[in-house]
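User: I am new to reading protein models and would like to learn how to look at one feature after another. Could you guide me through an example?

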Amino acid sequence: MDTRATVTLAAPAAVVYDAIADLGGYPAWSRIVHSVESAGRGDGDGPAWTVDLRAGVGPLTRSKRLRMVRVVDDRPSRCVLERRELDGRQHSVWRLSCEVLDRGDTAELAMHLHYGGRLWTGGALQRILDQEITDAARRLRSLIESAPTP
């Protein structure tokens with residue numbers, strides 16, 4: 001599964017970058033990201049987080065716990081967050097690539113989520129994900145644009 005979204009935000013690129021490079025802030029604007037806890041660092045890895053994802057269709061809910069690591073940190077323009085488990089087993093790829101383009105008074109945020117497994121794909125979950133992306137972009141815009149400018 002590959003999902004892409006772009007949103008223009010009335011904020012400096014550095015402010016937008018700070019909001020998306022730290023997974024700890026995602027629950028404030030993304031309902032699929034149910035909770036996030038710091039998970040330290042791995043050998044040579046960037047910051048890591050334990051992320052609980054949750055999505056529901058009617059009475060059915062799917063949840064997934066991932067260890068995500070920031071593997072690219074090209075502040076303030078690009079970061080990549082990837083699943084990096086420490087149990088030595090093979091896991092489906094989860095990769096979130098984020099690019100922030102400085103447009104002067106605004107910043108354009110482009111996000112690409114790649115999931116290499118099968119369990120989180122399909123019609124109903126894809127529709128929920130698409131709607132959540134739209135809603136999350138609105139909540140992120142509100143959060144960023146209402147924050148005091150540094």
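Analyst: We will go through single residues, cysteines, the nonpolar core and salt bridges, keeping in mind that this is a predicted model.

User: Let me begin with a single residue. Where does R65 lie, and is R65 buried or exposed?

Analyst: A good habit is to place a residue in its element and then to ask about its accessible area. R65 belongs to strand 4, which covers residues 60–74, and R65 is exposed because its relative accessible area is 52%, where exposed means over 50%.

User: Which residues does R65 contact beyond its neighbours within four places in sequence?

Analyst: R65 is in contact with T50, V51, D52, R83 and E85 when those neighbours are left aside. With D52, the side chain of R65 also makes a polar contact of 2.7 Å. Distance along the chain and distance in space can be read side by side as well: R65 and G25 are 40 residues apart along the chain, and their C-alpha atoms are separated by 17 Å.

User: How should I read a residue in a loop, such as S30?

Analyst: The steps stay as they were, and we look at place, accessibility and contacts in turn. S30 sits in the loop that runs between helix 1 (13–21) and strand 2 (33–41), and S30 counts as buried because its relative accessible area is 9%, which is under 20%. Not counting residues up to four places away in sequence, S30 touches E132, A136 and R139.

User: Two of those partners carry charged side chains, as far as I know. What joins R139 and E132?

Analyst: The side chains of R139 and E132 meet in a salt bridge, with an N to O distance of 2.7 Å. R139 is buried at a relative accessible area of 14%, and E132 is buried at 9%. As for networks, salt bridges that share partners join D18, R70, D73 and R75 into one.

User: How many salt bridges does the structure hold, and how close are the atoms of D73 and R70?

Analyst: The structure holds 13 salt bridges. In the one between D73 and R70, the closest N and O atoms are 3.0 Å apart; D73 is partly exposed, with a relative accessibility of 38%, whereas R70 is buried at 10%. Another salt bridge links the side chains of D74 and R78 at 4.0 Å, N to O, and here D74 is partly exposed at 39%, as is R78 at 33%.

User: Now for the cysteines: how many disulfides are there, and why is there no bond between C98 and C79?

Analyst: For cysteines we look at the distance between sulfur atoms. The structure holds 0 disulfides. For C79, the nearest cysteine sulfur belongs to C98 and is 4.1 Å away, and this is too far for a bond because a disulfide needs sulfur atoms within 2.5 Å. Both residues are buried, C79 with a relative accessible area of 0% and C98 with 1%.

User: Finally, how do I read the nonpolar core?

Analyst: The general idea is that, in soluble globular proteins, nonpolar side chains tend to be buried together. In this model the largest nonpolar core has 37 residues, and I20, Y26 and L109 are those with the most contacts inside it. Helix 1 supplies the largest share of this core, with 7 residues. Leaving aside neighbours within four places in sequence, L109 contacts several residues, including A5, V16, I20, C98 and L140.

Methods:
Residues numbered from 1 in each chain as written. Predicted model: local features only at pLDDT ≥ 70, side-chain atom pairs only at ≥ 80, totals over all residues. Heavy atoms only, no water. Helix = DSSP H or I, 4+ residues; strand = E, 2+ residues; numbered from the N terminus. Buried < 20%, exposed > 50% of the residue type's maximum accessible area, 1.4 Å probe, protein only. Contact = heavy atoms within 4.5 Å. Polar contact = N/O pair within 3.5 Å; in protein donor to acceptor, adjacent residues only side chain to side chain. Core = buried A, V, L, I, M, F, W, Y, C linked by side-chain atoms within 4.5 Å.
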